[in-house]
Amino acid sequence: KNSFDSTGKNLFLDLTYSNNIRKSFNNSELQYYLGDFESEYNNDLMKNETNPSTTEVYSFKADYEHPVDDNIKYETGIKSVLVLNNISNKSYLNNIFRKNFVNDFRYRENINAAYILLSITTEKKVDIQVGLRGEYTYLYGLQITTGEAHSQSYFDLFPTFNLGYHFSKNHNLDFSYRYRISRPDYYSLNPFITISDAYSRNSGNPYLKPEYSHNLNLNYSWNYVISTW
């Protein structure tokens, strides 16, 4: 953090790196009959091994605050996030390695965003916030086992608005609007068919699109203790 002067002009810089490594082992025993249920049952032992699954996240953001006067302030900033995910699964049936059921998926997600936010406080105790954020997203997934590769890219604008009115010291009314995005996780984008047992299959869809939502909220609070919305 750097404070330029006593008026509240501040610059915030943040650089983050995280690395997660996961290993797991799963055994599933399935007993079943063929035909008339009178013959001796069959027994299958399935083993799945995740070794390893790694997720690396690189993140950088910069935010700047600039008060214009006692009632007006604006903020602006940028953020970039890069996610690298590698997952490798091996499958065994009755202790026999199944080379056609190796799940080896590489996934990369890069999100770059910039925003601006204007805050205004009037003499009548009305607080107004208006903001706009732009995001560019690039996704790339490669299923090494099958050679199947998919990519997506899209750009979106997300407006925000907040209006707060203070009737008195104890009574406050707030209205807000947010436009948001929810992206599918990399498991849902992996096209590989995973077999958990003899009757269960699951697979992701690399063509999944993000979900968008409009959020409206009206909230009344008394003494900042009791709220209704």
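**Group meeting: buried contacts, a core and a surface patch**

Let me begin with one pair of residues, T137 and R183, whose side chains are joined by a polar contact of 3.1 Å. Please keep in mind that what we are looking at is a predicted model. T137 lies in strand β7, and because its relative accessible area is 0%, under the 20% limit, we call T137 buried. If we leave out residues up to four places away in sequence, T137 touches N110, I111, Q152, S153 and Y154, as well as R183.

Now please turn to N85, which you will find in strand β4, residues 72-93. Is N85 buried or exposed? N85 counts as buried, since its relative accessibility is 0%. The side chain of N85 has a polar contact with the side chain of Y186, at 3.3 Å, and, again setting aside residues up to four places away in sequence, the residues that N85 touches include F105, Y107 and Y186.

Those three names come back when we move to the largest nonpolar core, which has 10 residues, with F105, Y107 and Y186 among them. The other members are I87, L139, Y154, F158, Y179, I181 and L189. Two or more of these residues come from each of β6 (103-121), β8, β9 (171-182) and α1 (186-189). As background, nonpolar side chains in soluble globular proteins tend to be buried together. Within this core, L189 is one residue to select on the screen, as L189 touches F105, Y107 and L139, and also Q152, P184, N205, P206 and L208, not counting residues up to four places away in sequence.

Let us go from the core to the surface. Which residues form a nonpolar patch there? They are I116, L132, Y136, F155 and L157, and together they have about 480 Å² of accessible area. The elements that contribute two or more residues to this patch are β7 (126-143) and β8 (148-166). F155, for instance, sits in strand β8, and F155 counts as exposed because its relative accessibility is 51%, where the limit is over 50%.

My last residue is N202, in strand β11, which covers residues 200-202. With a relative accessibility of 44%, N202 counts as partly exposed. Apart from neighbours within four places in sequence, N202 is in contact with F192, I193 and T194. If you would like a sense of distance, the C-alpha atoms of N202 and Y64 are separated by 46 Å, and these two residues are 138 residues apart along the chain.

Note on methods
Residues numbered from 1 in each chain as written. Predicted model: local features only at pLDDT ≥ 70, side-chain atom pairs only at ≥ 80, totals over all residues. Heavy atoms only, no water. Patch = residues over 30% accessible without salt bridge, like charges linked within 9 Å, V, L, I, M, F, W, Y side chains within 5 Å. Areas by Shrake-Rupley, 256 points an atom, 1.4 Å probe, with all protein chains shown as cover. Salt bridge = Lys/Arg side-chain N within 4 Å of Asp/Glu carboxyl O. Helix = DSSP H or I, 4+ residues; strand = E, 2+ residues; numbered from the N terminus. Buried < 20%, exposed > 50% of the residue type's maximum accessible area, 1.4 Å probe, protein only. Polar contact = N/O pair within 3.5 Å; in protein donor to acceptor, adjacent residues only side chain to side chain. Contact = heavy atoms within 4.5 Å. Core = buried A, V, L, I, M, F, W, Y, C linked by side-chain atoms within 4.5 Å.
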